[in-house]
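User: I would like to learn how to read charge pairs and a ligand site in a model. Please take one feature at a time.

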Amino acid sequence: MLSKSLLTRLEDGRKAVALETTLLCHGVPRESALPLADELDAIVRQAGSVPAIVGVLNGTATVGITRDELIMLLDAGPVAKVNTANIGLALHRRLHAATTVSATMELAAAAGVRVFATGGIGGIHRGYSQRFDVSSDLTALTRFPVAVVCSGVKSLLDVVATREALETLGIPVVGYQADRFPAFYVRDGGTGVDARFDDVNELAAFVRFELERTQRGVLIANPIPPDAQIASLQWETWRAEAMARIGDVQGRDVTPRVLSLLHELSGGRTLQANLALVRNNAALAAAIAAQGV
Ligand code: PSU
Ligand code: MN
């Protein structure tokens, strides 16, 4: 069904790195989005891979969005943020949509793209026993054979509970030059990984082996570069302040709202950190994809 409305602009998916549009449309301010996309493009090409921006344009699921199309999407006003639950509605109704990690994985897998770089995946929100909010990114990892390179989970989440859920779902979590599972702005999220890889070639070999073997995803945790990380105490202060100001937003609106509050409260420090970790993840994903995963 998907192939009918899937546009793939790639000759060889195995050398490609998928990039998501939610990060660009909802995760960073408008003025940072296009420069970030251009930087990611250059970083991925430099490593010998091909970038593939993923999103939905007028109801067409597209793997390999062009720069002009991205500009159109960014300027289209508020576009829907879609995961595996609501992407079908955007396709059916012929809308524009920005894809989250889960929806990007679905489209990447359909296009034969096996490596994907993002910032942090979604997971289990803090206070989940009062208000159940668990990202479809977690279940997508059990369904689509894509390696997701990220800096752990967004640190506004319950990082330890999310790590436990990954374990329950049977998703391998490996650290690149890291023993600890990172939490986005912070290098140590307070929990561990299944294994550490120090060498990109060995990591790529494991990814190839595991994707082939299981037809499920792999999570590659790549901590934020040390010089860009935010001290945990400082982070906790900004997080608490942002949560106090968040107001009555729920579900998929929580992340974009909190991120923009944080960028404002921190005088742009969280944004700089966010950009640094995404660039770093794109470089690692490209180095893996260049091996022909
Ligand atoms: N990481 C970022 N910025 C983002 C996101 C992650 O640096 O905007 C997005 C991703 O698209 C991720 C989504 O899939 O947040 C998860 O949202 P939710 O919790 O609503 O599932
Ligand atoms: Mn959610």
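User: How many salt bridges does the count come to?

Analyst: Side chains of opposite charge can pair when their charged atoms come close. In this predicted model, the count comes to 15 salt bridges, taking a cut-off of 4 Å between the side-chain nitrogen and the carboxyl oxygen. One of them joins the side chains of Arg 67 and Asp 38, with 2.7 Å from N to O. This pair ties together distant parts of the chain, since Arg 67 belongs to helix 3 (residues 67-74) and Asp 38 to helix 2 (residues 30-46), 29 residues apart.

User: Which residues come nearest to ligand 1?

Analyst: There are 19 residues around ligand 1, and Glu 20, Val 101, Gly 120, Ser 135 and Asp 137 come nearest. By class, the shell holds four nonpolar, ten polar and five charged residues.

User: Which atoms of ligand 1 are paired with Val 101, Gly 120 and Asp 137?

Analyst: For Val 101, a polar backbone atom is 2.8 Å from an oxygen atom of ligand 1. For Gly 120, a polar backbone atom is 3.0 Å from a nitrogen atom of the ligand. With Asp 137 the side chain takes part: one of its N or O atoms is 2.7 Å from an oxygen atom of ligand 1. On its own, ligand 1 has 480 Å² of accessible area, and the protein covers 96% of that.

User: Where does ligand 1 sit, and which elements give two or more residues to its shell?

Analyst: Ligand 1 takes up the space of the largest pocket. Helix 1 (21-27) and helix 10 (254-265) are the elements that give two or more residues to the shell. Helix 1 gives the most, with three residues.

Notes
Residues numbered from 1 in each chain as written. Chains lettered and ligands numbered in written order. Predicted model: local features only at pLDDT ≥ 70, side-chain atom pairs only at ≥ 80, totals over all residues. Heavy atoms only, no water. Near = heavy atom within 4 Å. Polar contact = N/O pair within 3.5 Å; in protein donor to acceptor, adjacent residues only side chain to side chain. Areas by Shrake-Rupley, 256 points an atom, 1.4 Å probe, with all protein chains shown as cover. 1 Å grid on protein atoms, 1.4 Å probe; cavity = no way out; pocket = protein on both sides within 12 Å on 5 of 7 lines; lining within 4 Å. Sits in = over half its atoms within 2 Å of the grid points. Helix = DSSP H or I, 4+ residues; strand = E, 2+ residues; numbered from the N terminus. Nonpolar A, V, L, I, M, F, W, Y, C, P; charged D, E, K, R; others polar.
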